[in-house]
Amino acid sequence: MRAFLLACFLALQMPVAFAEWAGVVEEVVSGDTLKVNYEGGLYYVRLYGVEAPKLSQPYGMMAKEATSNLVLGRSVDVHRVYADGNVDVAIVYVHDQYSVQAYLAGAGLAWVHNAACQEDICVRWQSMETQARDAEHGLWASANPIPPWNWKASQTVKKKPVVRKKKPVRKPVRRIAVRRVQAEKPVENAAQPATPEVQAPPVPTFVPKPVTTAVQPAS
């Protein structure tokens, strides 16, 4: 019971049946995404069937500016096709006269997503895209414009991680104090080795010989 009441309460906060409602565009998020004010609440609305260039790719900002000039601050009629979470995927009409999708396709600022666009009105948008392509309007002036679904895929390719080599840790070098041995200077007053003196031969001492007295014979 509680879950049922909660579901009813949430339903009352949304535009009636989300099938057809009117609101004022408060913000243009990108060429194909709006924020629409409905009775004081802001709701995301994405354009059904077409896709404008991403803001990061060429002509992305141009598409956003074109959509802003067309609907920002103005009342629009939102014809919901389906809901994608909390986003209302819808055909958005300006004064119930022409759709924003037709404007972008004819100006060459959006691709008609053939795989996702299955309503009868999609045939008209595809014809307008072909005319813009032939006249080289908008993004068709480029030699090879990349659809946003391919652009997004190319941007999400994981890059190989860059392996950074660790710098070798250098150990501190111990500095050994080297003492310089200086050559000893000769000492000026140092005692010189005695040179052998030339000695005179020893003077012979006179040793008197004893006088020998001859023994006289007796007379």
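Asp 84 is partly exposed, with 40% relative accessible area. This residue is a convenient place to enter the structure, which is a predicted model. Asp 84 forms a salt bridge with Arg 46, and the closest N and O atoms of the two are 3.0 Å apart. Asp 84 belongs to strand 5, which covers residues 75–84, while Arg 46 belongs to strand 3, residues 41–47, so the salt bridge ties together parts that lie 38 residues apart in sequence. Arg 46 is also partly exposed, since its relative accessibility of 27% falls between the limits of 20% for buried and 50% for exposed.

The background to such contacts is simple. Side chains of opposite charge can pair when their charged atoms come close. How many salt bridges does a search of the whole structure find? The search finds five, and the bridge of Asp 84 and Arg 46 has just been described. Two others follow here.

One of them joins Glu 51 and Lys 54, with 3.5 Å between the closest N and O atoms. Glu 51 has a relative accessible area of 16% and is buried, because the cut-off for buried is under 20%. Lys 54, its partner, is partly exposed at 30%. This salt bridge therefore has a buried acidic residue, Glu 51, and a partly exposed basic one, Lys 54.

The other pairs Asp 88 with Arg 80, where the closest N and O atoms are 3.8 Å apart. That distance fits the salt-bridge criterion because the limit is 4 Å. Is Asp 88 buried or exposed? Asp 88 counts as buried, with a relative accessibility of 2%. Arg 80 is partly exposed, and its relative accessible area is 31%.

The structure also contains a link of another kind. A disulfide is a covalent bond between the sulfur atoms of two cysteines. There is one disulfide in this structure. Which cysteines form it? The two are Cys 117 and Cys 122, and their sulfur atoms are 1.8 Å apart. The pair qualifies as a disulfide because the sulfur atoms lie within 2.5 Å. The angle about the S-S bond is -90°, and the link of Cys 117 and Cys 122 is left-handed.

The surroundings of the two cysteines can be described in the terms used above. Cys 117 is buried, with a relative accessible area of 5%. Cys 122 counts as buried too, at 2% relative accessibility.

Definitions and conventions. Residues numbered from 1 in each chain as written. Predicted model: local features only at pLDDT ≥ 70, side-chain atom pairs only at ≥ 80, totals over all residues. Heavy atoms only, no water. Salt bridge = Lys/Arg side-chain N within 4 Å of Asp/Glu carboxyl O. Helix = DSSP H or I, 4+ residues; strand = E, 2+ residues; numbered from the N terminus. Buried < 20%, exposed > 50% of the residue type's maximum accessible area, 1.4 Å probe, protein only.
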